[in-house]
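Colleague: Please take a close look at a single part of this model, one helix and the elements packed around it. I should like a connected account that also places this part in its wider setting.

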Amino acid sequence: MHYKNKVRSRISLLRVLSLLVPVILLIIGCQNKSTPLEPITIKIAGMDQIEYDNIYEPLLTKQLPNVQFEVELGPFGGVDLNEITSYMNAEQPDILIASNFTYPDIVKSGMVDSLDMLIDEKKAQSKFIQKLRSYSEDNQVYGWSSSFSSSALFYNKSLFDQYHVEYPREGISWGDMLKLAQQFPQKGEGGEPLFGYNSPGEQKPEKKIASLINQAGITEQLNLVNQSSDMLTINTKEWSQIWTSIIEAYQAGAISNTAVQENGIEEIKGTTIQEYYSDFIQGNAAMIIGRNDLLEELQDNSSFKWGITDSPGRYNSDIVPGMIYMINKLSAHKEEARQVIQALTSDEAAIYYMNLQGFKGTIAIPLNVKLLEDKLGMDLSAFYRKEPVKFDWWEVPVEFSRAYREIQEQEIKLILAGEQTVNQALIEIENKLAPEWKRTKS
């Protein structure tokens, strides 16, 4: 009898609870309706209103419906850290967007939080992460981007096949690439100019050659000064090989260039993709170091077979992040700001951007490169296979670098005139620059 009473009591309690639960839920629901969650406003600096309305608003409102956004361009298009600091102190945005030019200084200023927790090592390209880490002294990522750009060596397979020249291989050096360039005739079958290597732009020969020498030096991460020994390192075997390869190829007519009139005005040919890469696009050059935007033009308009491989040199000097998103250390909405950056750099966002660009996404390479590779149906590892150049490898003051460039061009001019050798020029440059280095250091 006692047992049956206990059972009846439990059944009665369950019945009461079953009646109360809907009432409790109804009360909670009514409370929630009467006190909706306050929308959070995230202030973004470095983006204008038109850009937000046309590109980012549809993406952000879909993924973060409870967040409102206030956008302002601010001073982040420039490189003045004092101006940026003043703006941050006065306006206190939650998120700031800057380029790779200002990002290192912003990180050093201590104004932004680490974003290491946002990194998906399995999806994001490791060389891109490595590039962003190189900007900070503690090897952390303080800014995150949805994309990057880079360069690769594009080559005209049709010309290589026509003249029975071996295709450039992965990991090719500058010297070997320019040897391939010299195997092509200087005129095509129709008498049109033909170049083994296309270096876009019209410059005086000494300027063209100096630019190529310095470009090659960056990819080998060579420097002008050994900071440990405080000695100039211009007259070295490594620099001599680069100088010799480029000057010989230029003198052989393998490198494209048209010297301008001696009027002090020098122009880079065109500003559009079609104009800048015109010699290669038109089939008048066998090779060119091109950025990923060249993919678009070749995919759409190429009249010849083409391929890509690594740019020459040991390092990739052209891996550059797109616009970099950072979180203000003093933001009151850091968690929501992180959600915004995650939304802007997600795979869903990458697909959205690729479709928005109206082509195949080649204006920028997404963090998750596989998304673009699958869409194009091609391997893009030539753009990211090599280690990126260390951010601060060129450890010389700007004034010294300018003095070097001026003397360098003078010595190249003498070499082209047959008045000295490469080795003599390198010795002469060191001798002339030694006093300048002492003045710079003092």
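**Helix α16 and its surroundings**

Modeller: The protein contains 17 helices and 14 strands. The model is a predicted one. Of the 442 residues in the protein, 47% are buried. Among the contacts with a separation of 6 or more, 74% join residues 24 or more positions apart.

The part I would single out is helix α16, residues 398–416. Its packing can be followed through three partners, beginning with α8.

The axes of α8 and α16 lie 9 Å apart, and the two helices pack at an angle of about 120 degrees. Because the range for roughly perpendicular ends at 115 degrees and the antiparallel class begins over 145, α8 is oblique to α16. The crossing of α8 past α16 is right-handed. On the α8 side the contact is made by P205, E206, K207, I209, A210, S211, I213 and N214. On the α16 side it is made by Y404, R405, Q408, E409, I412, K413 and L416. By class, the residues of this contact comprise seven nonpolar, three polar and five charged.

The next partner is helix α17, residues 422–441. Here the packing angle is about 160 degrees and the axes are 10 Å apart. An angle over 145 degrees counts as roughly antiparallel, and α16 and α17 are therefore roughly antiparallel to each other. This crossing, too, is right-handed. From α16, the residues F400, A403, Y404, I407, Q408, Q410, E411 and I415 take part. They meet V422, A425, E428, I429, K432, L433, E436, W437 and T440 of α17. The contact of α16 with α17 is made up of ten nonpolar, three polar and four charged residues.

The third partner is helix α9, residues 237–251. The axes of α9 and α16 come within 12 Å and cross at roughly 50 degrees. The two helices are therefore oblique to each other, and α9 passes α16 in a right-handed crossing. W243, I247 and Q251 of α9 form the contact with Y404, Q408, I412, I415 and L416 of α16. This contact has six nonpolar residues, two polar ones and no charged ones.

Taken residue by residue, the picture on α16 is one of shared positions. Y404 and Q408 belong to the contact with α8, to the contact with α17 and to the contact with α9. I412 and L416 face α8 and also take part in the contact with α9, whereas I415 serves the contacts with α17 and α9. A general point of helix geometry is useful here: an α-helix has 3.6 residues a turn, so residues three or four places apart point the same way.

The loops on either side of α8 add further detail. S199 lies in the loop between β7 (195–197) and α8. With a relative accessible area of 8%, S199 falls under the 20% limit and so is buried. Beyond its neighbours within four places in sequence, S199 is in contact with K208, L212, I255 and S256. Past the other end of the helix, Q221 is found in the loop between α8 (205–219) and β8 (225–226). Q221 is not a glycine, but its phi is positive, near 55 degrees. Its relative accessibility is 27%, which means that Q221 counts as partly exposed.

A positive phi is also found elsewhere. N139, another residue that is not a glycine, has a phi of about 65 degrees. N139 sits in the loop between α5 (126–133) and β4 (144–145). At 46% relative accessibility, N139 counts as partly exposed.

Helix α14, residues 347–356, offers a further example of helix packing. Its buried residues are A349, A350, Y353 and M354. They cover an arc of only 135 degrees around the axis and are therefore on the same side of α14. These buried residues pack against α2 (49–63), β13 (324–327), α13 (334–344), β14 (365–366) and α15 (369–376).

Strand β1 (residues 40–45) supplies a last point of reference through I40. I40 and P65 are 25 residues apart in sequence, with a C-alpha to C-alpha distance of 10.0 Å. Outside its neighbours within four places in sequence, I40 is in contact with N66, V67, Q68, H333 and E336.

Methods: Residues numbered from 1 in each chain as written. Predicted model: local features only at pLDDT ≥ 70, side-chain atom pairs only at ≥ 80, totals over all residues. Heavy atoms only, no water. Helix = DSSP H or I, 4+ residues; strand = E, 2+ residues; numbered from the N terminus. Buried < 20%, exposed > 50% of the residue type's maximum accessible area, 1.4 Å probe, protein only. Axes fitted to C-alpha atoms, helices over the stretch in contact; angles between N-to-C directions. Parallel < 35°, antiparallel > 145°, perpendicular 65-115°, else oblique. Left-handed = near helix turned anticlockwise from the far one by under 90°. Contact = heavy atoms within 4.5 Å. Nonpolar A, V, L, I, M, F, W, Y, C, P; charged D, E, K, R; others polar. Arc of directions from axis to C-beta.
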